[in-house]
Amino acid sequence: MNDFNYATLERTEHRPWPMPEGPWLMTQTWRDLAFLHWPVDHTLLRTALPAGLEMDVFEGQAWLGVVPFRMTNVAPRGVPALPFVSAFPELNVRTYVVAGGKPGVYFFSLDAGNPLAVGFARSLLHLPYFSAVMSVEARDGWIHYRSRRIEAGTPPAGEFDARYRATGPVFDAQPGTLDHFLTERYRLYTVSPSNHLLHIDIHHQPWPLQEGDIVIDTNTMVEPTGVRLPDMAPRVLVATRQDVVAWMESKAG
């Protein structure tokens, strides 16, 4: 069943730049999402970035994120969402970058519980997707999330086992705050097989965020970046739902 909220296209005043002129390509709905962020050494993180990207920092501090969630309504424009194809868990490792004066997200990895989605994103969008065995369960007021990468090779297998929940009222992050810096991003950057810097623009309404708690039993997702997470609890923000449209991949510039 497709319950995508197309009203998300009607609100644009919050965007840092206008929506692209061409037609958007795909719908996605992100559910039961947790933004988990740690401050990290920006000098180490910078060395892991491809050429053409600059670190984006908040008050001089770089941040690394691990973001678990569920996807639904994943479908090309004009095509209905299909069972077993359009809904699956996803878990990404990300940081924040700038190219051509436009801030965005750079993904070190994206694990998904759908081999078809992994193959599509790798071949057509040049994103570093990996197949994983994943489960997401709402129980006792918590989201219980497990993921284990099942592909051999580089980066090595990663695991994530945690439970998280919202603890506060819904709020919109205000411009100039750390929460706004970490969440309100409308472009992602990647690199083609020929080493050209590419971007994909997205659109959504401002994030309906809530403060959250998390208990992490296992998290080896960040190890392939070469950056060590500090021995501290992450900044936790939770969102129940976000409807998103994405445009075609383009050369950055």
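Start with helix α2, residues 115-125, in this predicted model. Select Ala-117, Val-118, Ala-121 and Leu-125, which are the buried residues of α2. They lie on the same side of the helix because they cover an arc of only 105 degrees around its axis. Now turn to the other side of α2, where Pro-115, Leu-116 and Leu-124 are exposed.

Next, look at the two ends of the helix. At the start of α2, select Asn-114 and Leu-116: a side-chain oxygen of Asn-114 comes to within 2.9 Å of the backbone nitrogen of Leu-116. Just after α2, select His-126, whose phi is positive, at about 55 degrees.

Return to the buried residues of α2 and show what they pack against. The strands to select are β4 (88-99), β5, β6 (129-139), β9 and β10.

From that set, keep β9, residues 187-191. How many of its five residues are buried? Four are, and the strand is thus mostly covered.

Add β5, residues 102-112, which pairs with β9 in the parallel sense over two bridges. Pick Tyr-106 in β5 and find Tyr-189, its bridge partner in β9.

Then add β10, residues 197-203. Strands β9 and β10 run antiparallel and are joined by five bridges. Stay on Tyr-189 for this step: in β10 its bridge partner is His-199. Tyr-189 therefore has a bridge partner to select in β5, Tyr-106, as well as the one in β10, His-199.

Finish at the hairpin of β9 and β10, with five residues between the strands. Among these residues, select Asn-195, which takes a positive phi near 70 degrees.

Methods:
Residues numbered from 1 in each chain as written. Predicted model: local features only at pLDDT ≥ 70, side-chain atom pairs only at ≥ 80, totals over all residues. Heavy atoms only, no water. Buried < 20%, exposed > 50% of the residue type's maximum accessible area, 1.4 Å probe, protein only. Pairing = 2+ DSSP bridges. Arc of directions from axis to C-beta. Contact = heavy atoms within 4.5 Å. Polar contact = N/O pair within 3.5 Å; in protein donor to acceptor, adjacent residues only side chain to side chain.
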